[in-house]
Amino acid sequence: MSEIHHDVIVIGAGLAGTTATIALANAGYDTAIIDTHAVYPPDFRAEKLGVPQMDLFEKLGFGELARAVTTPVDEVCVTRFGHLVSRHAVREYGVHYTPLINDLRNALPASSPLVIGRVAEIETGPERQTVTLADGSVRTARLVLLATGLGDVLRRKVGIGRTMISEKHSLCFGFDMAAPPSSFGFESLTYYGEGADNAVAYVTLFPIGATMRANLFVYRALSDPWVKEFRKSPEALMRQAMPGLARLCPDLTVTGPVEMRPIDVVQAADAERDGVVLLGDAFLTPCPIPGTGIGKVLTDVDRLCSEHLPRWFATPGMGKDKIAEFYADPIKQTSDRQCLQASLYARQITIGSGAVWTLRRLRNRVGRYGLHALHLLRTAFAKPRGPAIGRTKTV
């Protein structure tokens, strides 16, 4: 079987791999993208985007596509310690990850169609990379992008290790509310946990299409009996863990399955290898609770495709000295560092033990009660605006 030659081979057709392939193909690089699934399968991942993430989609040329599969909101109500403390006039977008990725796949240019197959072997070097599929077909390229997310097999095959930064870091739940968005007194709500004991980071409610979606984030291990009980009786446990939530959402009935995703915070170790770049979660897998993961992935794609790869291809070779430039990119490093720090801080400020974190939580509580008191004063002197908490703005 003859070899097929490319400039770049991308392995993994999720967010990182697909957007990188489109960007590179549109720039004139012969790019092949390989994945085991013809259609991206159901996958519970990021379900809310902010303006910074949408700006990155715009910068990469995917803004129109991303907006077409998202539901925008223009106000977010924030509740802490059971009290509404603020309303933010801010644009956010609800989105199901799987349709987003499949629409991106449909946008792949004709020159770079999705290759369906499993990578059996990968050989790398300072000049040429060889990828052998399970069917025996062989493709070569100057550069391989591993965008395989949490997948370990190919990362290990090219000799890259990983560092477990925070094992069993958090759990994410996603589910649909039975009541429609119009029955809630807000466009979107972020309700933070009411104490360290229940290990709840927050629950956020926001529309996706005609459905009010909920994402709940907790710091519990998968083996915790609470987890099994929550999947069986989500309404009862929400009322128990967040007593004040029912005041804002009298109908907490959940419909359909409760999806779940456990999170380990992991980073690649000794990633500088000839001819191979780890992209997105393949390099750093953060916690989704701070909401910075999509931005991190798109920053990787932007910096690699716009800054580094064109310069690499202007000279012979693809040694690890070139690859190291990408990992040392100051914008990428800042993105990764902020993402990692936010993941670790969010956990500690919620459930961290010891005097330091206890005092920080106390300080935050006192400060936010002050904000709540200010909100009550403003409300008392404002003209009546109706009962909905999220249909009006406070200034």
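Is Tyr202 buried or exposed, and what is its relative accessibility? Let's work through this and a few related exercises.

This is a predicted model, where local features need pLDDT of at least 70, side-chain atom pairs count only at pLDDT 80 or more, and totals for chains, interfaces and linings use all residues. Residues are numbered from 1 along each chain as its sequence is written, and side-chain values use heavy atoms, leaving out hydrogens and water.

**Exercise 1. Classify Tyr202 and Phe217 by accessibility.**

Step 1: Recall the cut-offs: buried is under 20% relative accessible area, exposed over 50%, and partly exposed in between (1.4 Å probe, protein chains only).
Step 2: Tyr202 has 12% relative accessibility, so Tyr202 counts as buried.
Step 3: Phe217, at 6%, is buried too.

**Exercise 2. Describe the ring pair of Phe184 and Phe186.**

Step 1: Rings of Phe, Tyr and Trp (its six-membered ring) pair if their centres lie within 6.5 Å; planes under 30 degrees apart are stacked, over 60 edge-to-face, the rest tilted.
Step 2: The whole structure holds 12 aromatic pairs. In one of them, Phe184 and Phe186 sit 5.6 Å centre to centre with 50 degrees between the planes, a tilted pair.
Step 3: Phe184 is buried at 5%, and Phe186 is buried at 1%.

**Exercise 3. Classify the pair of Tyr202 and Phe217.**

Solution: The centres are 4.9 Å apart and the planes meet at 50 degrees, so this pair is tilted.

**Exercise 4. Find which rings form a cluster.**

Solution: Ring pairs join Phe173, Phe175, Trp226 and Phe230 into a cluster.
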